[in-house]
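Me: I'm new to this structure and would like a close look at just one part of it. Could you pick up the pairing of strands and walk me through what surrounds it?

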Amino acid sequence: MFRRLLSSLSRHAWILAAAAAALLLLVFAVYSPDRKKGLAEFQAAGPMRHIATADIVALRIVASQRQWRFERRTAGWQISQGSALPDAAMSSALETGLRLLHNTPPERGFDLESADFGLAPPALRVSLATTGGAAFDAEFGGANPMGLARYVRIRERGQSSLYLMPGYVAEPWEQVIQRLQR
């Protein structure tokens, strides 16, 4: 009889412990501090975060002693040197490049420039102009030793800053150049 009572209590104890654990998990899921962080509004952290991408009306891409100018019109991006409209892939790459400069935070900043950065001269320069007349330049240099990031010089309002940015930030601009050189 004592064994049956102990067995019955043991079963009830396990059921009670399981219910308590489930309740604890539910409380953590609903009131977790990490959950509240996930609900925060997105804020751009890129070097161009203070410029809305929709305000950019002109851009110039310089690479290998060649340059291309684009203007944003109501129909989309237009190549300034002619009346040709970039194809959909090129227009998409331009918009992606702008979003990445706006949203992607630098991995690291530098106070001094090194010859290892590959910025003298830069491999790729993107110059932007906004409706308000503000200018912004991003000069992409070489890759870091691991090859996953690029050195970037940002010039704006007479200031110059050096960063290490993820390599994918330069990729849309390189795609545009490849399409233009075909």
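Reply: Start with I154, which sits opposite S161 in β8. That pair belongs to a stretch where strand β7 (residues 149-156) and strand β8 (residues 159-166) run antiparallel, joined over eight bridges. Keep in mind that this is a predicted model.

Now go to E156, also in strand β7. Is E156 buried or exposed? With a relative accessible area of 14%, E156 falls under the 20% limit, so it counts as buried. As for its company, once you skip the neighbours within four places in sequence, E156 is in contact with P47, H50, I51, A135 and F136.

On its other side, β7 meets β6, and the two run antiparallel with five bridges between them. One of the matches here is A143, whose bridge partner in β7 is R150. The hairpin made by β6 and β7 has five residues between the strands, and in that turn G147 shows a positive phi of about 80°.

Step along once more and you reach β5, which is joined to β6 by six bridges, again antiparallel. Look for R125 standing opposite E139 in β6. The hairpin of β5 and β6 has four residues between its strands, and G133 takes a positive phi near 90° there.

Zoom out and these strands turn out to be part of an open sheet of eight, ordered β3-β2-β1-β5-β6-β7-β8-β4, with antiparallel pairing. At the edges are β3 (76-79) and β4 (108-110), each pairing on one side only. Neighbouring strands in the sheet are turned by 25° against each other on average, ignoring direction.

What lies across β7 and several of its fellow strands? That is helix α4 (residues 171-180), which crosses β1 (56-63), β2 (66-73), β3, β5 (124-130), β6 (135-143) and β7, at about 70° to β1.

Finally, the packing. The largest nonpolar core has 31 residues, and L59, I61, F70, F140 and W173 have the most contacts inside it. β7 is among the elements that each supply at least two residues to this core, alongside β1, β2, β3, α3 (88-103), β5, β6 and α4. The largest share, six residues, comes from α3. To see one of the busy spots, find L59: leaving out residues up to four places away in sequence, L59 touches W68, R69, F70, W77, L94, L98, S127, L128 and W173. There is also a second, separate core of seven residues, including F110, F117, L162 and L164.

Definitions and conventions. Residues are numbered from 1 along each chain as its sequence is written. This is a predicted model: local features need pLDDT of at least 70, side-chain atom pairs count only at pLDDT 80 or more; totals for chains, interfaces and linings use all residues. Side-chain values use heavy atoms; hydrogens and water are left out. Two strands pair if DSSP finds at least two bridges between them. Axes are lines fitted to C-alpha atoms, for helices over the stretch in contact, and angles run from 0 to 180 degrees between N-to-C directions. Contact means heavy atoms within 4.5 Å. Buried means under 20% relative accessible area, exposed over 50%, partly exposed in between (1.4 Å probe, protein chains only). A nonpolar core is a set of buried Ala, Val, Leu, Ile, Met, Phe, Trp, Tyr and Cys residues joined through side-chain atoms within 4.5 Å.
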